[in-house]
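These are my notebook entries on a single structure. I record what I looked up, one topic at a time.

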Amino acid sequence: MSDARNVLGEPLEICSTEPMTGFMRDGACETGPEDIGSHTVCARVTPEFLEYSRSRGNDLMTPMPAFGFPGLKPGDRWCLCAARWQEAFEAGCAPRVALRSTHVRALEVCDLGDLKRHAVDLS
């Protein structure tokens, strides 16, 4: 794992390895110049979000074995594009967020206060 930081300024934690997520498919919401979509928000997907994403042209539920994609089900954690999370937030269906696994670059698109209000890992 690199020295990437999360939105809390701490080392970035793994988002999910089952299913394997991340732009680099290493389990982390790591990013780099080739990640045009900024897959930096670690979210626990909900049925509402999955339907919303499908309605916006990105079906995350249907498996695509040719690409090693198992399809997501409610409760799975997945590295979302920051802009899609923000769009879902504005539409009232943003999924919960794992802040310790959300890359600091998500803050280029998302407000930290909004992410915190949707956090699953704040005590």
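**Entry 1: helix α1.** I began with the side of α1 that faces away from its buried residues, and I found the exposed residues Glu48 and Ser55 there. The model I am reading is a predicted one. I then listed the buried residues of this helix, which spans residues 47-55: Phe49, Leu50, Tyr52 and Ser53. Viewed down the axis of α1, these buried residues fall within an arc of 160°, so I note that they line one face of the helix. I looked up what covers them, and the cover includes β2 (77-81) and α2. Just after α1, I noted that Gly57 has a positive phi of about 95°.

**Entry 2: helix α2.** I turned next to α2, which covers residues 82-90. Its buried residues are Ala82, Arg84, Trp85, Gln86 and Ala88. Which elements cover them? I found that the cover includes β1, α1, β2, β3 (96-97) and α3. After α2 comes Gly92, and I recorded a positive phi near 85° for Gly92.

**Entry 3: aromatic pairs.** How many aromatic pairs does the structure hold? I counted 2. For Phe69 and Trp78, the ring centres are 5.4 Å apart and the planes stand at 65°, so I entered this pair as edge-to-face. I checked burial for both, and Phe69 and Trp78 are each buried. For Trp85 and Phe89, the centres are 5.5 Å apart and the planes are at 10°, so I entered this pair as stacked. Trp85 and Phe89 both belong to α2 and sit 4 residues apart, about one turn of the helix. I add the background here: an α-helix has 3.6 residues a turn, so residues three or four places apart point the same way. Are the two residues of the α2 pair buried or exposed? Trp85 has 0% relative accessibility and therefore counts as buried. Phe89 has 24% and therefore counts as partly exposed, given that buried requires under 20%.

**Entry 4: His118.** I located His118 in the segment after α3 (112-117). Its relative accessible area is 18%, so I entered His118 as buried. Leaving out residues up to four places away in sequence, I found that His118 touches Trp85, Phe89, Ala94, Pro95, Arg96 and Val97. The two rings of the stacked pair, Trp85 and Phe89, are thus among the contacts of His118.

**Entry 5: Ser38.** Ser38 lies in the segment before β1 (39-44). I read a relative accessible area of 8%, so Ser38 is buried. Which residues does Ser38 contact, neighbours within four places in sequence aside? I listed Thr31, Leu80, Cys81, Ala82 and Arg105. One of these, Ala82, is also among the buried residues of α2.

**Entry 6: Met24.** I placed Met24 in the segment before β1. Its relative accessible area is 38%, and I therefore noted Met24 as partly exposed. Not counting residues up to four places away in sequence, Met24 touches Glu30, Thr31, Gly32 and Glu34. I also looked up the separation of Met24 and Ile14: 10 residues in sequence, and 12 Å in space from C-alpha to C-alpha.

**Entry 7: Leu107.** Leu107 is in the loop between β3 and α3. With a relative accessible area of 33%, Leu107 is partly exposed. Apart from residues up to four places away in sequence, I found Leu107 touching Val7, Leu112 and Leu115. Along the chain, Leu107 and Asn6 are 101 residues apart, yet I computed a C-alpha separation of 9.7 Å.

**Entry 8: the largest pocket.** I closed with the largest pocket, whose volume is about 290 Å³. Its lining has 15 residues, and those nearest its centre are Arg25, His39, Asn58, Leu60 and Trp78. Trp78 already appears in my notes as a member of the edge-to-face pair. Which element gives the largest share of the lining? It is β2, with 4 residues. By residue type, I recorded 9 nonpolar, 3 polar and 3 charged residues in the lining.

Methods: Residues are numbered from 1 along each chain as its sequence is written. This is a predicted model: local features need pLDDT of at least 70, side-chain atom pairs count only at pLDDT 80 or more; totals for chains, interfaces and linings use all residues. Side-chain values use heavy atoms; hydrogens and water are left out. Helices (H or I, at least four residues) and strands (E, at least two) are DSSP runs, numbered from the N terminus. Buried means under 20% relative accessible area, exposed over 50%, partly exposed in between (1.4 Å probe, protein chains only). Contact means heavy atoms within 4.5 Å. Rings of Phe, Tyr and Trp (its six-membered ring) pair if their centres lie within 6.5 Å; planes under 30 degrees apart count as stacked, over 60 as edge-to-face and the rest as tilted. The arc is that of the directions from the helix axis to the C-beta atoms. On a 1 Å grid over the protein atoms alone, a cavity is a set of points where a 1.4 Å probe fits but cannot get out, and a pocket is an open set with protein on both sides within 12 Å along at least five of seven lines; lining residues have an atom within 4 Å of a point. Grid points are joined across faces, edges and corners, and a volume is the space filled by probe spheres set on the points. Ala, Val, Leu, Ile, Met, Phe, Trp, Tyr, Cys and Pro count as nonpolar, Asp, Glu, Lys and Arg as charged, and the others, Gly among them, as polar.
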